[in-house]
Amino acid sequence: MSTVLETEEHQALRAAVAALGKRYGRDYTTSVVRDGAHPRELWAEAAKLGYLGVNLPEEYGGGGGGMAELSIVLEELGTAGSPLLMMVVSPAICGTVIARFGTETQKRQWLPGLADGSLTMAFGITEPDAGSNSHRITTTARKDGEDWLLTGRKVFVSGVDIADATLIVGRTEDARSGRLKPCLFIVPRDAPGFGRSQIDMELQAPEKQFELVLDDVRLPADALVGDEDAGLLQLFAGLNPERIMTAAFGIGMGRYALARAVEYAKTRQVWKEPIGSHQAIAHPLAQAHIELELARLMMQKAARLYDDGDDIGAGEAANMAKYAAGEACVKAVDQAVHTLGGNGLTREYGLASLITAARVARIAPVSREMILNYVSHQSLGLPKSY
Ligand SMILES: Cc1cc2nc3c(=O)[nH]c(=O)nc-3n(C[C@H](O)[C@H](O)[C@H](O)COP(=O)(O)OP(=O)(O)OC[C@H]3O[C@@H](n4cnc5c(N)ncnc54)[C@H](O)[C@@H]3O)c2cc1C
């Protein structure tokens, strides 16, 4: 893939992460999944090399970069076949929100650990009865003396088992108007009243998803991240990086699958020429390549806008990048499986399970349809149907 839009540092970072990814690769991820384990070795090594905290401020142990750099890390690990999904959550959402809105104490408590990999954070916003409509979430925090009591339910939250804490999106009641305002709370894994049960997913990935029950979880005053009155703004500061990183996840997976298909198409021969000489095989692979490149271009734009402090501009671009990457990923994986014929469905080639995995980039963290809604309303000014 062309890298002309990136600085020499970015290109060097890509090459270095690609080399790390190559040492682990798809076989590593497959064995971690088979053993029901966690990709601890890769997580630790990526952290040690400074890749996980590349977006976090230098004064708290990070690399002082931004989403441009962090998205390169995830894309290249994915391209090598060993993506780290928790990067979307731990350094990108939680690290960003704490770095931008946390108190000095919260920054010191969390950022160095998130950067060096010794601490991990999960992020919970989705609720069973709200789904895509996050205005409908009902997890509520009420004051009890100096403390908060947090009650509610969450679903599909990734990595809660390995995360030291989960950043939970809840609501507090405005004392004057009675209106519910979104707020972010750091909930330690073992807090009394914080229950989790693993969801049985048809997804072969090291990261597991959980349903959470928060039953009057008592939290100290400083569990609240940021200002009680600016919750929505703070939330969006974390959601744009999440979309940019999901784009990186999709592009990486798509590139991985495409490379396997291209390799195969060059050597598999059932007539006079390798199957890659048939345009019915070559053209869809070329299209997949073009669409992944285009998605990456939008991801780079979103990352640039975000890193330059343009939250509004980044919002539109991050949504579009996530959409484009999700679609490009699903198509690339589908075409890769098809290119391998029967081998596309064998364990040995390991591509078929990516069909399910690729759908994650289309559904989460915001579905394709919700992005089309956003673009219809926000970018095109069309009326809302819901
Ligand atoms: C592997 C995985 C990991 C995840 N990790 C996390 C996590 O760590 N933390 C977290 O908080 N959440 C997580 N999620 C949840 C994810 O963000 C949600 O699944 C997603 O937001 C969609 O919500 P839903 O599943 O409730 O679908 P629903 O909201 O029920 O939507 C179902 C379908 O209806 C469509 N739809 C809904 N409303 C409209 C509308 N107005 N117009 C058109 N179509 C519409 C949707 O596009 C979708 O196709 C994860 C999900 C997965 C699959």
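## A tour from helix 3 to the ligand

Start with helix 3 and helix 7 (residues 279-307), whose axes come within 8 Å and cross at roughly 145°. Axes here are lines fitted to C-alpha atoms, for helices over the stretch in contact, with angles from 0 to 180 degrees between N-to-C directions. Helices (H or I, at least four residues) and strands (E, at least two) are DSSP runs, numbered from the N terminus.

Keep in mind that this is a predicted model: local features need pLDDT of at least 70, side-chain atom pairs count only at pLDDT 80 or more, and totals for chains, interfaces and linings use all residues. Residue numbers run from 1 along each chain as its sequence is written.

**Stop 1: the helix pair.** Select Met67, Ala68 and Ser71 in helix 3. They meet Met299, Gln300, Ala303, Arg304, Tyr306 and Asp307 in helix 7. Contact means that the C-beta atoms of two residues, placed from the backbone, lie within 7 Å. By class, this contact has 5 nonpolar, 2 polar and 2 charged residues. The classes: Ala, Val, Leu, Ile, Met, Phe, Trp, Tyr, Cys and Pro are nonpolar; Asp, Glu, Lys and Arg are charged; the others, Gly among them, are polar.

**Stop 2: the domains.** Colour domain 1 (8-120), domain 2 (123-229) and domain 3 (232-379). These bounds come from an automatic or database domain assignment. The C-alpha centres of domain 1 and domain 3 lie 20 Å apart. Select the residues in contact: 24 from domain 1 and 22 from domain 3. On the domain 1 side, helix 1 (8-34), helix 3 (67-79) and helix 4 (86-101) each supply at least two residues. Helix 3 gives the most, with 10 residues. That side has 13 nonpolar, 7 polar and 4 charged residues.

**Stop 3: the ligand.** Now show the 22 residues that surround the ligand. A residue is near the ligand if its C-beta atom, placed from the backbone, lies within 6 Å of it. The closest are Thr126, Gly131, Ser132, Ser367 and Glu369. Domain 2 and domain 3 each give at least three residues to the shell. Strand 1 (121-124), strand 3 (147-158), helix 9 (353-363) and helix 10 (368-379) each supply at least two. By class, the shell has 13 nonpolar, 8 polar and 1 charged residues.

**Stop 4: tyrosine 374.** Stay on helix 10 and select tyrosine 374. Tyrosine 374 counts as partly exposed because it has 16 C-beta neighbours inside 10 Å. With C-beta atoms placed from the backbone, 20 or more others within 10 Å would make a residue buried, and 12 or fewer exposed; partly exposed is in between. Finish at glutamate 316: its C-alpha atom is 8.3 Å from that of tyrosine 374, though the two are 58 residues apart along the chain.
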